[in-house]
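Me: I am learning how the terms of structural biology are applied to a protein. Could you take me through some of them, with reasons?

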Amino acid sequence: MLKKILISVISLLLGLQAFTMGGGKSAVIRGTVKNEKGEPVEYAAIYIKNTQSGTQSDAEGKFFLHVLPGTQTLCVQLLGHALYEKQVEPKPHERIDLKIQLEDGRHNLGEVVVEAKSPVQRVKESAYNVVAIDAKALQNTTLDLAHAMEKVSGVKIRESGGLGSNVQFSLNGFTGRHVKFFMDGVPMEGFGASFQINNIPVNLAERIEIYKGVVPIGFGSDAIGGAVNIVTNQKQRTFVDASYSYGSFNTHRTSVSAGHTAKNGLMFELTAYQNYSDNTFHIDNAVKDLDNGQIDVNKIERIKRFHDTYHNETVILKAGLVNKKFADRLIFSVNLGQSYKELQNGVRQDVVYGQKHSRSRTLMPSVQYAKRNLFTKGLDLTLTANLNKNTSRNVDTARYEYSWRGESRYNGGKLGEQNYQDSEYANQNWNTTANAVYRISARQSLMLNNVLTSFDRNTRATASDASLAATDTMPKVSQKNVAGVSYKYSYDNKWNVSVFGKRYLQRSKGPKATDDGRGYLLADESFTATGYGIAGTVFLLEDIQVKLSYEKAYRLPTDSELFGDEDLEHGSAGLTAENSDNYNLNLSLSKAISRKHFIYADAGFILRNTKDYIRRVTEAVSNKYFATHINHGYVRNTGVNGELRYSYANLVSTGVNVTYQNIRDNEKLTMSSAASTTYKVRIPNIPYFFANGDVELSLQNFLWEKNHLNIGYTASYVREFSLYFENHGRANTKKAVPSQLSHDLSATYLIADGRYNVALECRNLTDAKLYDNFSLQKPGRAFYIKIRYFFIRSK
């Protein structure tokens, strides 16, 4: 019923938009736009002067515009070209065909009514509930990609500690693998520990696209909680971007990128970055008495982490050809990375280690091919393929037990601190992505997509006195394929609608616990399903946009959920794919009140009815804690989020966003058919209310001409949430993550219009106690400084 209502509402809104276009008396102006060389140009702004009627040219330079009858002035604008104006006098129902050639030149942008839209604007105006972050504005900060997204409504970054710790990305209440990550449209699964969103510098990105609901089939995604696409800069240019930052806890971060595109189309890029931190911040915790093995939970001490060093190093090489007859882009690349991480504690802060650590190495060659107008006009093809070979080593051979004070006691044998091991496992992932788009006309397009991925793991003991567990010798293999097709219809950039379908296939083989829990058997699981959906958007007025979407989506278990990490994360090879009915409604306002005052408002509503929801939980084995994943039956998630922003000229920008998500257990019966005690109870260990606010002051030509100063302040709030089901246990003994409020300050000075940059940051200004997954405490007050040099010469 809800699906029928949603489709009816979309149809009603589209009909309302068509009705407001002049009562059926409108005329049509269509044509092509070319540059001074006679080449078709995309994204030229075509509009009627002193009206709200406008559109853009497509990849072939074509445009199609409905106008009212009468004498008027048609304008065509493209940055870097002279403004084109032509008087037209269409009659009712008349069709005017034009061939427009722009001239090279400069013009006063202040007098232009409509500007060419940026990639960020074009993404926001699609039918999908998506937020696009301009990463270029953040490249002088010390942020990584994960923390660059924290200001977006509905987004929560959850960490288990400092730099290099495990990070969970939460979007509208869905965490972990419910949200899929892509880089330039390529899935990031299997990229390795040295190439993850919490250690990739924000300088590598041009923009970040966050899809909060339905995910376009162009990603070939099996996500049910949304997706994130990190878009790197693929423009032809010569550039150098180098930065270094130093901060609290002996934290060092370095990033260097350089590239050149020659006139003959030959290009190369080199990127290298590293992260290092001792993570020696203070936490508050009860300390175990090693003499009697007791912990006085009422005696909390202020202690310093002593075994939490992390570092990673990554090099990315790219070379290839651009703008050739046979290919717009043919790029070969290789990623090399390594990381080292000391483990200070387990999945709970009560467990402390003093020698346990892990290492990893990554080798990832890849190739990308892209061609527009392949074989025929309107047919675009993109192909990518990569092979990821990741090797990880877990070492837990200590014969000592440690306390939070750094004290140690001989444990009497070959026990290890968690589970005696010195083993190495090798993951081999490969991925192929094919995406074809055919533009049937200026208004219609068809897209086909297919993503095929494969995973295989082998484990071996690396020390003579180390042995393998029974599960280590079992195969761990997974293959999955997601194929999709979509049809899109657009009407003069006033509204558009997309319908799509997906086909999911997965086969996995790996160890699964027996019903009595005493052993393991080899599980061989297969899964197939068909998903579908619709997404539509309409501009009711020039400044107001409405988006509606529905999807029947499936989410296939990931390799880490199926097979774990051979250490603190236990695999669950018997997991079933999640399936969900996802509904999304979004309303946004983008209004220039005057030349200097601008306001933006956004409100969204989500509804997710999910079956076989995969949830991360902790489990105790021989009094030691591990994490694993389980299917939880039915879960219902309703949520709202909103954002309000205001800016005054180029001087002040301020905003606030709020998120509320209500994720409830909707399973009436347990597996034994007994009444569930958690029916309609909130799912634990997930924040359900949080907010962010920020203000930024920009002083242009500060002290000297072409030097600019930016000063920023950010506040973040998270309301208390329960660690376990809130109706279980006594009220005075229930464990919860307390409410938290943190404050950050930053100042950036740009010299010579940003060629030289210096940034100062203070995070957690008040040294508040901040917690996350299962009450793991995060760093206190910290200071950072970053220097950056940036040079670019566009082709």
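Reply: Let us begin with strands: two strands pair if DSSP finds at least two bridges between them. The model here is a predicted one, and in it V28 has R95 in β7 as its bridge partner.

Me: What makes β1 and β7 a pair of strands?

Reply: Pairing requires at least two bridges, and seven bridges join strand β1 (residues 27-34) to β7, so the requirement is met. These two strands run parallel.

Me: Why are β4 and β7 called edge strands?

Reply: The open sheet has three strands in the order β4-β1-β7, with mixed pairing. Both β4 (62-67) and β7 (95-101) pair on one side only, and they are the edge strands. Neighbouring strands of this sheet are turned against each other by 20° on average, direction ignored.

Me: Why is the contact between E401 and R409 called a salt bridge?

Reply: The rule asks for a side-chain nitrogen of Lys or Arg within 4 Å of a carboxyl oxygen of Asp or Glu. Between the side chains of E401 and R409 the N to O distance is 2.8 Å, which is within 4 Å, and therefore the pair counts as a salt bridge. By this rule the count comes to 31 salt bridges.

Me: How do you know that R409 is partly exposed?

Reply: Partly exposed lies between buried, under 20%, and exposed, over 50%. R409 has a relative accessible area of 35%, so R409 belongs to the class in between.

Me: What are the classes of D694 and R645, whose side chains also meet in a salt bridge?

Reply: The N to O distance of that salt bridge is 2.9 Å, and the pair links distant parts of the chain, with D694 in strand β38 (residues 689-699) and R645 in strand β36 (residues 634-648), 49 residues apart. D694 is at 11% relative accessible area, which is under 20%, so D694 is buried. R645, at 22% relative accessibility, counts as partly exposed.

Me: How do you know that E726 and R682 form a salt bridge?

Reply: Their N to O distance is 3.7 Å, which is within 4 Å, so this pair fulfils the rule as well. E726 lies in the loop between β40 (721-722) and β41 (736-737), while R682 lies in the loop between β37 (652-665) and β38, 44 residues apart. E726 is partly exposed at 31% relative accessibility, whereas R682, with a relative accessible area of 12%, is buried.

Note on methods: Residues are numbered from 1 along each chain as its sequence is written. This is a predicted model: local features need pLDDT of at least 70, side-chain atom pairs count only at pLDDT 80 or more; totals for chains, interfaces and linings use all residues. Side-chain values use heavy atoms; hydrogens and water are left out. Buried means under 20% relative accessible area, exposed over 50%, partly exposed in between (1.4 Å probe, protein chains only). Helices (H or I, at least four residues) and strands (E, at least two) are DSSP runs, numbered from the N terminus. Axes are lines fitted to C-alpha atoms, for helices over the stretch in contact, and angles run from 0 to 180 degrees between N-to-C directions.
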